Structure formats: C-alpha cells, structure tokens
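Here is a note for a colleague who is opening this entry for the opening look. The points below are meant to be read beside the model.

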Amino acid sequence: MVVGVLALQGSFNEHIAVLRRLGVKGVEIKKPEQLRSVRALIIPGGESTTMAKLAEYHNLVCSLFLSLSRYKGKKGKFPALREFVKLGNPVWGTCAGLIFLADKAIGQKAGGQDLIGGLNCTVHRNFFGSQVAFSSVLHATNWIQSFEAELSVPEIVAKEGGPPSFRGVFIRAPGILEVGPEVQVLAEVLLPSDKPAKDDATSESLEENAKAEKKVIVAVKQGTLLATAFHPELTADTRWHSYFLKMLDENSEEASSSTVTVVPS
Ligand code: GLN
C-alpha cells in the first residue's frame, strides 16, 4: 500500500515516519503527475498561506497543474488536487491541510489563500491563536496559541481499540465552526474557561457562537475525507493513521465491487 503525502512545507516527514511504522510507504507529492501514482493523500499541517505560496512559487502545483491539458479549463488553483478529491480518493488534512480541504475559511488576511475544498464546513484559520503578528502580545494576554488536550473519539476507539482518549497536539490550530449535514463530527475540544472573549469588532458571528458554546469541533469525516485540526503525527499513537488506512481499504473494496464484470454469453 502506498500513500501520498503533500510535501511542499510542514510536517510531511512526520506523517511518512508514522506510515512507515505501520508498514506503509508514504511518498512525497510535489508535482501533479505524482498524484497519479497514489490512491490516497495526506495534506500535512504547516502554514497554509506559505504552503499555497510555495506551490505557486515553485510552479509545483498551480501553473504546472494548469498546464496539463487534462486540467485545462478548470477554474481556480489546485485543479489536480480538486480533481483528486472529487474522484473520491481518500484525503486526510491535518491542521493547515484541514483548512485547504474546507469549502470555506474565515479569519484570514484579506484575500487569504486558495482552498481545495470538498469538505462541507466553515473553518476559522487561526481559531486557537494567530500565526503571525502580535503573537507575543496574544500570548501575554493568555490568548491560546498552542496546547495539548485529551480528546474523546469513540468512532476511532470502536475501530482501532486502545485507550479511550487521544492526545491532541494543537499548534496555532484552526477550529471548525460549522458543518454540513453529511459531515460526521469525530471530536470536539472544550475551550478552557479562562479564554478571553475576543474584543475586536472584526470577529465573525460564527466564531462568537463557537466561543459562547465553549466547544469547538476539531475532527470530522465526510465520505472519503478526513480532517483534524490537531497533529496526530506528532504523537506516538498511530490509531489516526491506521483509521485512515482502513478508509483507503474500504474505498478500494467499494471501487472493485462496483466494477461490472461482463461474462461472455
Ligand atoms: N493556522 C495555521 C494556518 O493558517 C495552521 C497551523 C498548523 O498547521 N499547525 O495555516
């Protein structure tokens, strides 16, 4: 079994190392044509704007993808990645990868970065802390930047067994503010009660709602798409990766059982 890991920036090596521990080869994906050799993809955490810019700068994703005739005419950036998602291949986005997969992202600089989309949710890019300016000020005022939390994920315990909770490593993580009806919520995190209310007038109502409810969605599944706001690849627990590999197995089985065999008469 081979799994592609988008290797433009961020924690792709860590994902490949976990896959190796599970006896699976993780291959770095830097060019569009490499996507054709894999049937599943992990989009790692990192910094989503940087990742998008690197893709453009190196001509690795955008222009090169656009120049491939089979993608010509497709609107927007990342057409090959969009196509890969649309074809129903399993894709797992962690942190920045979750942002890329979301249909809608808020809380970003004007313009923000392009999204691959496909996952019916609204994500706040820097819900748990700013990536760039004023980070030390926010830190001094107790604004959460990065933290760890125990997460209850019954769906994964049911499939993978093991301890009842998971260590969630959140690094300036996004939060999922709203999900569509087809999206299965896998995990939520309770906001610490000392989190200060945001006082600037630019915050959006969804963000305010999430904070008022003190619970934020941090892991979801929608068909063949899996997304986590935290970083399972930075822990010793391999259950998220093996859960994703099972999604790949199930998808392959479905694909082969839907193949029509023509029996000659
Ligand atoms: N908030 C970050 C972003 O905007 C993601 C952080 C992460 O992947 N650890 O890209």
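1. Two strands are taken to pair if DSSP finds at least two bridges between them. Helices (H or I, at least four residues) and strands (E, at least two) are DSSP runs, numbered from the N terminus. By that pairing rule, strand 4 and strand 12 run parallel and are joined by 4 bridges. Within strand 12, Ala227 is the bridge partner of Gly93.

2. The model is a predicted one: local features need pLDDT of at least 70 and side-chain atom pairs count only at pLDDT 80 or more, while totals for chains, interfaces and linings use all residues. Residue numbers start from 1 along each chain as its sequence is written.

3. Overall, the protein has 9 helices and 12 strands. Of its 265 residues, 38% count as buried; a residue is buried if 20 or more other C-beta atoms lie within 10 Å of its own, exposed if 12 or fewer, and partly exposed in between, with C-beta atoms placed from the backbone. Contacts (C-beta atoms, placed from the backbone, within 7 Å) can also be sorted by sequence distance. Among those between residues at least 6 apart in sequence, 68% join residues at least 24 apart.

4. Strand 12 (residues 225-228) also pairs with strand 11, in the antiparallel sense, over 4 bridges. Thr228 of strand 12 stands opposite Ala219, and Leu226 stands opposite Lys221. The hairpin of these two strands has 2 residues between the strands, and Gly223 takes a positive phi near 60 degrees there. Both faces of strand 12 are covered, with Leu225 and Ala227 buried on one side and Leu226 and Thr228 buried on the other.

5. Strand 11 (residues 215-222) has 6 of its 8 residues buried, so it is largely enclosed by the rest of the structure. Strand 10 (residues 184-190) runs antiparallel to strand 11, and 6 bridges join the two. One of the pairings sets Leu190 against Lys215 of strand 11.

6. How does the length of helix 9 (residues 239-257) compare with what its 19 residues should span? At 1.5 Å a residue, the span should be 27 Å, and the end C-alpha atoms are 27 Å apart, which agrees. The expected span here is 1.5 Å times one less than the number of residues.

7. Trp240, His241, Phe244, Leu245 and Leu248 of helix 9 are buried. Seen down the axis, the buried residues of helix 9 fall within an arc of 140 degrees, so they line one face of the helix; the arc is that of the directions from the helix axis to the C-beta atoms. An α-helix has 3.6 residues a turn, so residues three or four places apart point the same way. On the face of helix 9 turned away from its buried side are the exposed residues Glu250, Glu253, Glu254 and Ser257. The cover over the buried residues of helix 9 includes helix 1, strand 4, helix 7 and strand 12.

8. In helix 1 (12-21), the buried residues are Phe12, His15, Ile16, Val18 and Leu19. These cover an arc of only 160 degrees around the axis, which puts them on the same side of helix 1. They pack against strand 1, strand 2, strand 3 and helix 9. Ala17, Arg20 and Arg21 are exposed on the face of helix 1 turned away from its buried side. Just after helix 1, Gly23 has a positive phi of about 80 degrees.

9. Helix 4 (residues 79-86) has Pro79, Ala80, Leu81, Phe84 and Val85 as its buried residues. Ala80 counts as buried because it has 24 C-beta neighbours inside 10 Å. From Ala80 to Leu98 is 18 residues in sequence and 17 Å in space, C-alpha to C-alpha. A positive phi of about 90 degrees occurs at Gly88, just after helix 4.

10. Which residues are closest to the ligand? They are Gly45, Ser48, Cys95, Ala96 and Ile171, among the 14 that surround the ligand; a residue is near a molecule if its C-beta atom, placed from the backbone, lies within 6 Å of it. By class, the shell has 6 nonpolar, 5 polar and 3 charged residues. Ala, Val, Leu, Ile, Met, Phe, Trp, Tyr, Cys and Pro count as nonpolar, Asp, Glu, Lys and Arg as charged, and the others, Gly among them, as polar.

How values were computed:
Contact = placed C-beta atoms within 7 Å.
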